[in-house]
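Reader: I am new to this structure. Please take me through it with short questions and short answers.

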Amino acid sequence: MKIGIVCYPTFGGSGVMATELGLALADKGHEIHFITYQQPVRLNVFRPNIYYHEVMVPKYPLFDFPPYETALASTLVNVINNNDLDVLHVHYAIPHASSAYFARQMLRKQGKDIPFITTLHGTDITLVGKDSTYGCVVTFSINESDAITAVSENLRAETFKSFAIEKEIHVIPNFVDANRFHLTNKEHFKKMLAPNGERILAHVSNFRKVKRVEDVLAVFQKVREKMPSKLLMIGDGPERQTAEDLCRRLDICNDIRFLGKQDQMEEILNIADLFLLPSQYESFGLAALEAMACGVPVISSNAGGLPEINIQGKTGFLAEVGDVDTMAADAMTILGSDESLQQFKENALAHAADFSIDKIVPLYESLYEEVAHKKYQTL
Ligand code: GMT
């Protein structure tokens, strides 16, 4: 099929997932067209059947707010027409679903019908979408989608709770590419960061408030008091400065490295012994799944969809949001002996396999077939 994918091109989970999906679909022979304002971060490989169309937003002195949605809708019409796309798949409701709706309506005027699928990722529903400034457009454009998917049962439930949704929401969980994220021996690299055999804890995020990076540091501080350990803080965002300041205040900087944004996540995850994700909310927690696929157990909060991927006492542990004492105690249970760590690692690997490309990508392909088929019936 010829599939258009609209996403945020940045390091956020929704853009990462959309790009991974496009790559996986291209590997299965589909023709994929990414339409966004910048080359997606994980779109760093060449495939003959992947195209990237950049949305240009002209600047005029009159515009305090350049109209990205309008530019996107126009670009969508052009790309769909020029490439004869079968289906459009938009990731993150705002503003992608409303631009897709706009494009579909314009094309209908030209006698063409392009179905669009909206995938809800999290903050488009739980944070930004709930803002009354956006609420009615979000509700309208989700309802106008030819199919709606959510990345977890929790996000599906949250969407029905917060918006007047009139259609079914299919749950299609995120997936992980085992060709890239798998267990590999990185002892040499590990030795560089933990020369005395210290345990390595890691956190990956966009350092937004919702990630509670201060809890990551609090848990680490408690673990470090009991066992030699190091912490890797990967990613960047608004809370990074606060986190770095807090490290200095706690006098634990020598054992923490802020690595910033990284492309080779699979390399770094492979030297970690434990992944920390104490978020206020996660619709899914893709970063934790990628860690598990590299055999890294997870200490997380029990918010949102996290219990759907981190299994209590098996792949790691979950605690109430903000309960850093329990998180630290559980971290020490996992890291306390090599045997226990090994068992949790094996469980994490086994559970991550449930979210493999082979299991999840066909679910999207069926949905594409279904909406494309409906389109032809209505023409
Ligand atoms: O976590 C973020 O802040 C980024 C955000 C995004 O929209 O890119 O991630 C959301 O989508 C990811 C992919 O589906 C999920 O794994 C994250 O859990 C979700 N984030 C939140 O719900 C806070």
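Reader: Is Asp251 buried or exposed?

Author: This is a predicted model, and the answer is computed from it. Asp251 is found in the loop between helix 9 (240–250) and strand 10 (256–260). Exposed means over 50% relative accessible area. Asp251 has 64% relative accessibility, so Asp251 counts as exposed.

Reader: What is the phi of Asp251?

Author: Most residues other than glycine have a negative phi. Asp251 is not a glycine, yet its phi is positive. The value is near 60°.

Reader: Which residue just after helix 1 takes a positive phi?

Author: The phi in question is about 100°. The residue is Gly29.

Reader: Where is Tyr92 found, and is it buried or exposed?

Author: Tyr92 is found in the loop between strand 4 (87–91) and helix 3. It has a positive phi of about 85° although it is not a glycine. The cut-off for buried is under 20% relative accessible area. Tyr92 has 12%, so Tyr92 is buried.

Reader: Which peptide bond is cis, with omega near -10°?

Author: Most peptide bonds are trans. This one leads into Pro95, a residue of helix 3 (residues 93–109). The cis bond runs from Ile94 to Pro95.

Reader: Is Arg240 buried or exposed, and which residues does it touch?

Author: Arg240 lies in helix 9. Its relative accessibility is 18%, so Arg240 counts as buried. Leaving out residues up to four places away in sequence, Arg240 touches Phe207, Gly235, Phe258 and Gly260.

Reader: How is the protein chain divided?

Author: Domain 1 takes in two stretches, 2–175 + 357–378. Domain 2 covers 187–355. The division is thus into domain 1 and domain 2.

Reader: What area do domain 1 and domain 2 bury between them?

Author: The C-alpha centres of the two domains lie 31 Å apart. In contact are 21 residues of domain 1 and 17 residues of domain 2. Carbon and sulfur atoms carry 55% of the buried area. The area buried is about 1500 Å².

Reader: Which three residues supply 30% of the area that domain 1 buries against domain 2?

Author: No other three residues supply more of that area. The three are Phe11, Asn154 and Asn174.

Reader: How many residues has the largest nonpolar core, and where does it lie?

Author: The largest nonpolar core has 74 residues. Those with the most contacts inside it include Ile32, Ile142, Leu232, Phe275 and Tyr368. Helix 1 (residues 13–27) gives the most to this core, with eight residues. Both domains give residues to this core, so it lies between domain 1 and domain 2.

Reader: How many residues has the other core?

Author: This core lies apart from the largest one. Val216, Phe220, Val223 and Met233 are among its residues. It has 31 residues.

Reader: What should helix 1 span, and how many of its residues are buried?

Author: Helix 1 has 15 residues, which should span 21 Å at 1.5 Å a residue. Its end C-alpha atoms are 21 Å apart, so the two values agree. Helix 1 is mostly covered, and its buried residues number 13 of 15.

Reader: Where do the buried residues of helix 13 sit around its axis?

Author: Helix 13 (residues 324–335) has twelve residues. Its buried residues are Val324, Met327, Ala328, Asp330, Ala331, Ile334 and Leu335. They cover an arc of only 165° around the axis, so they sit on the same side of helix 13.

Reader: Which helices are included in what covers them?

Author: The cover of these buried residues includes strands, among them strand 8 (199–204) and strand 13 (316–319). The helices included are helix 8 (213–226) and helix 14 (338–352).

Reader: Which residues does Leu193 touch?

Author: Leu193 lies in helix 7 (residues 187–193). Its relative accessible area is 13%, so Leu193 is buried. Leu232 is 39 residues away along the chain, with 9.3 Å between the two C-alpha atoms. Not counting residues up to four places away in sequence, Leu193 touches Ile200, Lys230, Leu232, Arg257 and Ile271.

Key:
Residues numbered from 1 in each chain as written. Predicted model: local features only at pLDDT ≥ 70, side-chain atom pairs only at ≥ 80, totals over all residues. Heavy atoms only, no water. Helix = DSSP H or I, 4+ residues; strand = E, 2+ residues; numbered from the N terminus. Expected span 1.5 Å × (residues − 1). Buried < 20%, exposed > 50% of the residue type's maximum accessible area, 1.4 Å probe, protein only. Arc of directions from axis to C-beta. Contact = heavy atoms within 4.5 Å. Core = buried A, V, L, I, M, F, W, Y, C linked by side-chain atoms within 4.5 Å. Domains from an automatic or database assignment. Buried area = accessible area lost by both parts, 1.4 Å probe.
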